[in-house]
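Please work through the following exercises on charged side-chain contacts, with the sequence and the model open beside you.

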Amino acid sequence: MTGGEKLLSKLIVIASFFIMLFGGIWLNRANGEYVLKIGVYSGSYWGTPNSDSYRILDLAIARFEEMHPNIRVEYVSGIGSGDYSEWLAEQILRGTEPDLYFVLPEDFNLLASSGALADLTDMINRDTGFDTDVYYTSCLEAGKFNGIQYALPQESVPTIMFVNKTLLDEKGIKIPESDWTWDDFYEICSQVTDTENHCYGVFGYTWLNALYSNGTSLFSDDCTQCRLMDAQVLSAIRFTRSIMDLNEGYTVTAKDFDLGNVAFRPFLYSEYRGYQPYPWRVKVYTGFEWDGIPMPAGPEGGNNSELHTMLLGISSRTMHKDAAWKFARMLSSDPELQQALMRESSGISPLKAVAEAPESVAFMQENIPGGNVFDKNSIHEIMSSAVVTKPFRKYEQALSMADTAVSELVTIGTVSEDDLLNVQREINQFLK
């Protein structure tokens, strides 16, 4: 065989390969067969035990593939929640991101503002079987950026106040009702605090906890101004300082709470849910009983707390937008899947009918010691009143600047309006 014949033979082989490759792709497309890729992390984002983090996703995939036999759903396993953000960012930079992916709460602002997430408005409007009213408003709002829905809620975690029931009983103090106020909170903390015997009112209560419950937000609606000097914000900061003053200079620690020497501690529901059941309860807190109630209400607000929500977003570059929407909708709004997720994970379903269902309430009360606080009304109250921090491009950096500065001022005890004004000016300049 001559050199020219050998070259021609190689070209024929190469051409045949590409004909087979692209012919197969064309045939699959003609038959409507393709792969839908999902981005997901392993374990629990909330930092609580989860023996099989893929089980609900596998159930959804099996059902989806049965309903859509021309679609195969795939995901990469083994990416820990701590590595997930970096992994997803790399995929997006390479242009190889999944069609649909879980969006961590802290990543949503950047992904939405950078154009990585698809606008879901048309998909929602075209889907006559989809009803946004099934969600708690706050959960749905978590997936909005500049008024546009970019993601659907998967599960949510509000902040609740842990109560050391044993300590309050010893002091002859009744557990507060769910509509308690800052005044009630301060009064109980003052009654409990006994620095000589190392007994204290609260650990971990911050000026942001107070702010969320005082009917205000840190930033203006147009996201251009920090509002540290607003009356409601100043009131929250000063109240937090007054609570700390009860400790007479002592810095209350997590160990103090673990030993049963502190009456209150704000915690995410996921931590309450994950560490209450035996044996985790024994490993973390021993020697006292505890329960959970809503946060105390400020004079201008209500029993509100910050809400954290895991989201589902669709890539703005996906070639399978309709399929990705159908799968996201199933994971987010299917009652059966959401009920299973609520039992196995550490969050609360964003669906009102699921979170408040008799079986959900019964599960909480039966499997969480002291869980009688979680009845239908209390769940509705906590989820409906939860606060979603308004996302914008520079939100995380601006919030960190404010929190660092204010926390330092509160800790050292000199909450000066001049200092706060300087911090506000610095943040406003950053926002511009």
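**Exercise 1.** Which side chain meets that of D334 in a salt bridge?

*Solution.* This is a predicted model, in which local features need pLDDT of at least 70 and side-chain atom pairs count only at pLDDT 80 or more, while totals for chains, interfaces and linings use all residues. Residues are numbered from 1 along each chain as its sequence is written, and side-chain values use heavy atoms, with hydrogens and water left out. Begin with the criterion: a salt bridge is a side-chain nitrogen of Lys or Arg within 4 Å of a carboxyl oxygen of Asp or Glu. The partner of D334 is R63, at 2.8 Å from N to O. Next, place the two residues: D334 sits in the loop between α14 (321-333) and α15 (335-344), whereas R63 belongs to helix α2 (residues 55-67), 271 residues apart. Helices here are DSSP runs of H or I with at least four residues, numbered from the N terminus.

**Exercise 2.** Identify the network to which R63 belongs, and compare the accessibility of its members.

*Solution.* R63 also forms a salt bridge with E336 (3.2 Å, N to O). Because R63 lies in helix α2 and E336 in helix α15, this pair ties together parts that are 273 residues apart in sequence. R63, D334 and E336 are thus linked in a network of salt bridges. For accessibility, buried means under 20% relative accessible area, exposed over 50%, and partly exposed in between (1.4 Å probe, protein chains only). D334 is buried at 17%, R63 is partly exposed at 23%, and E336 is exposed at 57%.

**Exercise 3.** How many salt bridges does the rule give?

*Solution.* The count comes to 11 salt bridges, including the one between R72 and E74, whose closest N and O atoms are 3.0 Å apart.
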